[in-house]
Each structure stands twice: as C-alpha cells, then as structure tokens.
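Biologist: Could you show me the model, please? I have some questions about how its parts fit together.

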Amino acid sequence: MAKVFVITGPSGVGKGTLISKLLERVQGLELSISATTREPREGEVDGRDYHFLTPEEFDRRIAAEDFLEFATYSGNRYGTLRSEVRRRLEQGHSVVLEIEVQGARQVRAAMRESVQVFIAPPDPASLRHRLESRGTDSLEAIDSRLEVAEQELAAQDEFAHRVVNDELERAAGELEGIVRAELGVPLDSGAE
Ligand code: ADP
Ligand code: 5GP
C-alpha cells in the first residue's frame, strides 16, 4: 500500500513548490530528507531541509552503504539515506523523494515499483527566469544548474509520468491526480 514517489526534473522547474502542495493535499505522504555536502542556504535548517554533511561524513555514509542512491550534482553530493525511506514505509507512510535524474535512475533500478514523475518546464527559458526570481543562487550557480538541465531534459522520456509545470495550480492538480491514482485514493476522498 505505501509507495515510493520519485519527483525529478531540472533545478528551478518547481519541484519543491509542487511537492509542498502535494503534501498538503494528500494525507499519509512524507518527504524524505536528503543528505548533501552543499552549504545551507539562508533560512535552511539542518535535519529539516537537508542533513548537511561534511564531504568526509558523506564518504563514511557511502562506505557504510547507508545510501539508497547518491549523485554528484553541480559540484556537490546529494543522497537519499535508506533509513529515511525505510522508517517511513515501516510506519505505513508513502515517501516522496525530490531528487535529480541520476538518483532517480538508481531508485528505479533498486525499487522497480517506485513511481517516477518528471516535472518539465513549459519552455527552457522559464528555468533561468524562475531560478533568478527565486533568488537563492548566484549567477554562477544558476549557469551550472542550467547546463545540467539540458541533460536532464533529454532524459525525460525515461519517466513513466511527465507533468509540465506551466500554471502552478493546474500542474499541482495533475501531480495530485497521479499520486492519488497510484495510492488508490480518489480525488474527492475526505473532502468536506
Ligand atoms: P525546484 O525545487 O525544482 O528547484 P522551486 O520549487 O524552488 O524549484 O521553484 C523555483 C521558482 O519557480 C520558485 O521561485 C517558485 O516560486 C517558482 N515557480 C514554481 N512553479 C511555478 C509556476 N508554475 N509558474 C511560475 N513560477 C513558478
Ligand atoms: P538544491 O541544491 O537546489 O537543493 O538541489 C539540487 C538538486 O539536487 C535538485 O535537482 C534536487 O532535486 C537534487 N537532490 C536533492 N536531494 C537529493 C538526493 O537525495 N539525491 C539526489 N540524487 N538528488 C538530490
């Protein structure tokens, strides 16, 4: 019954925004907190936004086989701890992973039953625009993320589901519909 949902797509496409709406709308879903070696952004909290690890600690966790998947992205490492996923599934919660494409492939190989959703931009130019207006990354970091985005967009056909994040409410509704269909929870369940 409890499932693993992998939400992937290029930086700035709106994964985080769509996932927060999804978690508000569908009960029993929990977000896995990833580990990363990148520096916290202003306002980010260790253990809430990420488990912020030193490169040495990240290496130690790789050697201990603590990761379900991990990847290098734009100069930093990111990974999903097995414990984050296992604990939630054991409690009967479905788990949402917000990860980049290399990690999504690893989860697909390890958990064929995972539900994989690629979030695509309405057009490539919107990624730069959204990253600039989010205001969390330097111009250099944005350029690096947009370079990676080209490869990620080329991989979108690998994914079972694809949602274009054009208009936020429409896209959030489509993602919610995919998740509810996979969980067997109808759209109007629990309403009013
Ligand atoms: P990601 O998690 O994929 O990197 P975010 O969720 O942080 O992306 O979104 C990047 C920026 O784009 C944010 O400022 C967010 O408010 C904005 N955004 C998200 N979805 C839309 C949309 N459908 N239309 C316009 N802006 C959007
Ligand atoms: P950010 O630095 O913007 O928080 O994340 C950069 C990229 O890393 C995003 O595409 C995000 O989805 C991805 N990411 C976050 N956590 C993980 C993870 O645990 N594993 C992998 N493979 N990617 C992750």
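What follows is a short exchange of questions and answers about this predicted model.

Biologist: Which residues touch the most other members of the largest nonpolar core?

Modeller: In soluble globular proteins, nonpolar side chains tend to be buried together. Here the largest nonpolar core has 40 residues. Those that touch the most other members are L29, L97 and V179.

Biologist: Which helix gives the largest share of this core?

Modeller: Several elements each supply at least two residues, among them strand 1 (4-8), helix 1 (15-25) and strand 7 (94-98). Helix 4 (101-110), helix 5 (125-134) and helix 6 (139-154) are also included. The largest share is six residues, and the helix that gives it is helix 7.

Biologist: What is V179 in contact with, leaving aside its neighbours within four places in sequence?

Modeller: V179 is one of the residues of helix 7 that meet helix 1. On the helix 1 side, L22 takes part in that meeting. Leaving aside those sequence neighbours, the full set for V179 is F5, L22, V26 and L29.

Biologist: How are helix 1 and helix 7 set: parallel, antiparallel, perpendicular or oblique to each other?

Modeller: Their axes are 9 Å apart. The packing angle is about 55°. An angle between 35 and 65 degrees falls outside the parallel and perpendicular ranges. The two helices are therefore oblique.

Biologist: Is the crossing of helix 1 and helix 7 left-handed or right-handed?

Modeller: In helix 1, the residues that meet the partner are T17, L18, K21, L22 and R25. In helix 7, they include L168, E169, A171 and A172. The contact divides into seven nonpolar, two polar and five charged residues. The crossing itself is right-handed.

Biologist: How far apart in space are S20 and A172, C-alpha to C-alpha?

Modeller: S20 is found in helix 1. Its relative accessible area is 37%, so S20 is partly exposed. In sequence, S20 and A172 are 152 residues apart. In space, C-alpha to C-alpha, the distance is 9.5 Å.

Biologist: How many charged residues are in the contact of helix 5 with helix 6?

Modeller: The axes of these two helices come within 10 Å and cross at roughly 145°. Helix 5 brings L127, R128, L131, E132 and R134, and the residues from helix 6 include L139, I142 and D143. The contact has seven nonpolar residues and no polar ones. The number of charged residues is five.

Biologist: Is E65 buried or exposed?

Modeller: E65 lies in the loop between helix 2 (55-63) and strand 5 (67-73). E65 is not a glycine, although its phi is positive, about 60°. Its relative accessible area is 60%, and the cut-off is over 50%, so E65 is exposed.

Biologist: Where is S74, which has a positive phi?

Modeller: Phi of S74 is near 50°, and S74 is a residue other than glycine. With a relative accessible area of 27%, S74 is partly exposed. Its place is the loop between strand 5 and strand 6 (76-81).

Biologist: How far apart in space are E56 and T37, C-alpha to C-alpha?

Modeller: E56 lies in helix 2. E56 is exposed, because its relative accessible area is 57%. E56 and T37 are 19 residues apart in sequence. Their C-alpha to C-alpha distance is 9.3 Å.

Conventions
Residues are numbered from 1 along each chain as its sequence is written. Chains are lettered from A and ligands numbered from 1 in the order in which they are written. This is a predicted model: local features need pLDDT of at least 70, side-chain atom pairs count only at pLDDT 80 or more; totals for chains, interfaces and linings use all residues. Side-chain values use heavy atoms; hydrogens and water are left out. A nonpolar core is a set of buried Ala, Val, Leu, Ile, Met, Phe, Trp, Tyr and Cys residues joined through side-chain atoms within 4.5 Å. Buried means under 20% relative accessible area, exposed over 50%, partly exposed in between (1.4 Å probe, protein chains only). Helices (H or I, at least four residues) and strands (E, at least two) are DSSP runs, numbered from the N terminus. Contact means heavy atoms within 4.5 Å. Axes are lines fitted to C-alpha atoms, for helices over the stretch in contact, and angles run from 0 to 180 degrees between N-to-C directions. Angles under 35 degrees count as roughly parallel, over 145 as roughly antiparallel, 65 to 115 as roughly perpendicular and the rest as oblique. A crossing is left-handed if the near helix is turned anticlockwise from the far one by less than a right angle, and right-handed if clockwise. Ala, Val, Leu, Ile, Met, Phe, Trp, Tyr, Cys and Pro count as nonpolar, Asp, Glu, Lys and Arg as charged, and the others, Gly among them, as polar.
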